Amino acid sequence: MAFIRTIPPSDAEGPVRDMYDDVQGRFGFVPNWAQAFSLRPGVMQGWAALLTSIQSNLPVRTYELATLAAARALRSSYCSLAHGSVLANNVFDAPTVTAIMKDAPGAPLEARERAMMAFVEQVVRDADRIGAADVERLRAQGYRDEEIFDVAATAAARCFFSKLLDALGVQPDSRFHDLDPALREALTVGRPVADRS
């Protein structure tokens, strides 16, 4: 599940128990990513606060598309699967998200969403090469400077989380095997989904 020691839910106490209880209440189980934070639950608390502050400024569709673009560029299966699932369940459907992941021309995205996702991928891959013209392209699509900040923050935050999980060898939860097979395949861009136990 991870290259480092983690605290199993059955052994959790104190702040780790609190963290596990919180994610269990939200997801119905303790995901592998939460167990990866078990040696430093305070970092998880800080991450959750940062994420909440970023998410609060964006519509769900925009936030999830930006996160999916970042995860795809980062080759983070875990984050692609998690946020692709949110998009498939709450915004689109499985075939549509599969098309988005494959960057299919017929995927039902607005021109401004395509521009935003391209910018996010640029933040992940080449942030030091972003220039005023790149930001101006988002303005031309109707994005306000505050929204551009929010999109850049979404991309930068995803770099932290995805890179941390991959650096520690954390595999996506085996529950992702329940996804539509074509969607699961499209969203698995890096580490494979964990085997069912």
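## A tour of packed helices

Start by selecting helices α4 and α5, which cross in a left-handed way. Keep in mind as you click around that this is a predicted model.

**Stop 1: α4 against α5**

Helix α5 covers residues 77–90, and α4 packs against this helix at an angle of about 155°, with the two axes 9 Å apart. An angle over 145 degrees counts as roughly antiparallel, so α4 is roughly antiparallel to α5. Now show the side chains. On the α4 side of the contact, pick out Arg 61, Tyr 63, Glu 64, Leu 65, Thr 67, Leu 68, Ala 71 and Arg 72. On the α5 side, you want Cys 79, Ser 80, His 83, Gly 84, Val 86 and Leu 87. Try colouring them by type: this contact between α4 and α5 has seven nonpolar, four polar and three charged residues.

**Stop 2: Thr 67**

Stay in helix α4 and select Thr 67. Is Thr 67 buried or exposed? Its relative accessibility is 0%, so Thr 67 counts as buried. Setting aside neighbours within four places in sequence, Thr 67 is in contact with His 83, Thr 154 and Arg 158.

**Stop 3: the loop with Arg 75**

Next, move to the loop between α4 and α5, where you will find Arg 75. Look at the backbone here: Arg 75 is not a glycine, yet its phi is positive, about 60°. The relative accessibility of Arg 75 is 56%, and therefore this residue counts as exposed.

**Stop 4: α5 against α9**

Keep α5 on screen and add α9. These two helices pack at about 125°, and their axes are 8 Å apart. Because of that angle, α5 is oblique to α9. To see where they meet, select Tyr 78, Cys 79 and His 83 in α5, then Arg 158, Phe 161, Ser 162 and Leu 165 in α9. Sorted by type, the α5–α9 contact has four nonpolar residues, two polar and one charged.

**Stop 5: α5 against α6**

Swap α9 for α6. What angle do α5 and α6 cross at? They cross at roughly 135°, and their axes come within 8 Å. That angle is why α5 is oblique to α6. The crossing of α5 and α6 is right-handed. Ser 80, Gly 84, Leu 87 and Ala 88 of α5 touch Ala 94, Val 97 and Met 101 of α6 in this contact. Five of the residues in the contact of α5 with α6 are nonpolar, two are polar and none is charged.

**Stop 6: along α7**

Select residues 111–126, which form helix α7. This 16-residue helix reaches 22 Å from its first C-alpha to its last, close to the 22 Å expected at 1.5 Å a residue. Which residues of α7 are buried? They are Glu 113, Met 116, Met 117, Phe 119, Val 120, Glu 121, Val 123 and Val 124. Display α4 (60–74), α6 (94–101), α8 (132–140) and α9 (145–167) too, since the buried residues of α7 pack against these helices.

**Last stop: Met 116**

Finish by zooming in on Met 116, in helix α7. Its relative accessibility is 1%, so Met 116 counts as buried. Leaving out neighbours within four places in sequence, the contacts of Met 116 are Thr 62, Leu 65, Ala 66, Leu 138, Tyr 143 and Val 151. For practice with the distance tool, join the C-alpha atoms of Met 116 and Leu 50: these residues are 66 residues apart along the chain, and the two atoms are separated by 21 Å.

Methods. Residues are numbered from 1 along each chain as its sequence is written. This is a predicted model: local features need pLDDT of at least 70, side-chain atom pairs count only at pLDDT 80 or more; totals for chains, interfaces and linings use all residues. Side-chain values use heavy atoms; hydrogens and water are left out. Helices (H or I, at least four residues) and strands (E, at least two) are DSSP runs, numbered from the N terminus. The expected span of a helix is 1.5 Å times one less than its number of residues. Buried means under 20% relative accessible area, exposed over 50%, partly exposed in between (1.4 Å probe, protein chains only). Contact means heavy atoms within 4.5 Å. Axes are lines fitted to C-alpha atoms, for helices over the stretch in contact, and angles run from 0 to 180 degrees between N-to-C directions. Angles under 35 degrees count as roughly parallel, over 145 as roughly antiparallel, 65 to 115 as roughly perpendicular and the rest as oblique. A crossing is left-handed if the near helix is turned anticlockwise from the far one by less than a right angle, and right-handed if clockwise. Ala, Val, Leu, Ile, Met, Phe, Trp, Tyr, Cys and Pro count as nonpolar, Asp, Glu, Lys and Arg as charged, and the others, Gly among them, as polar.
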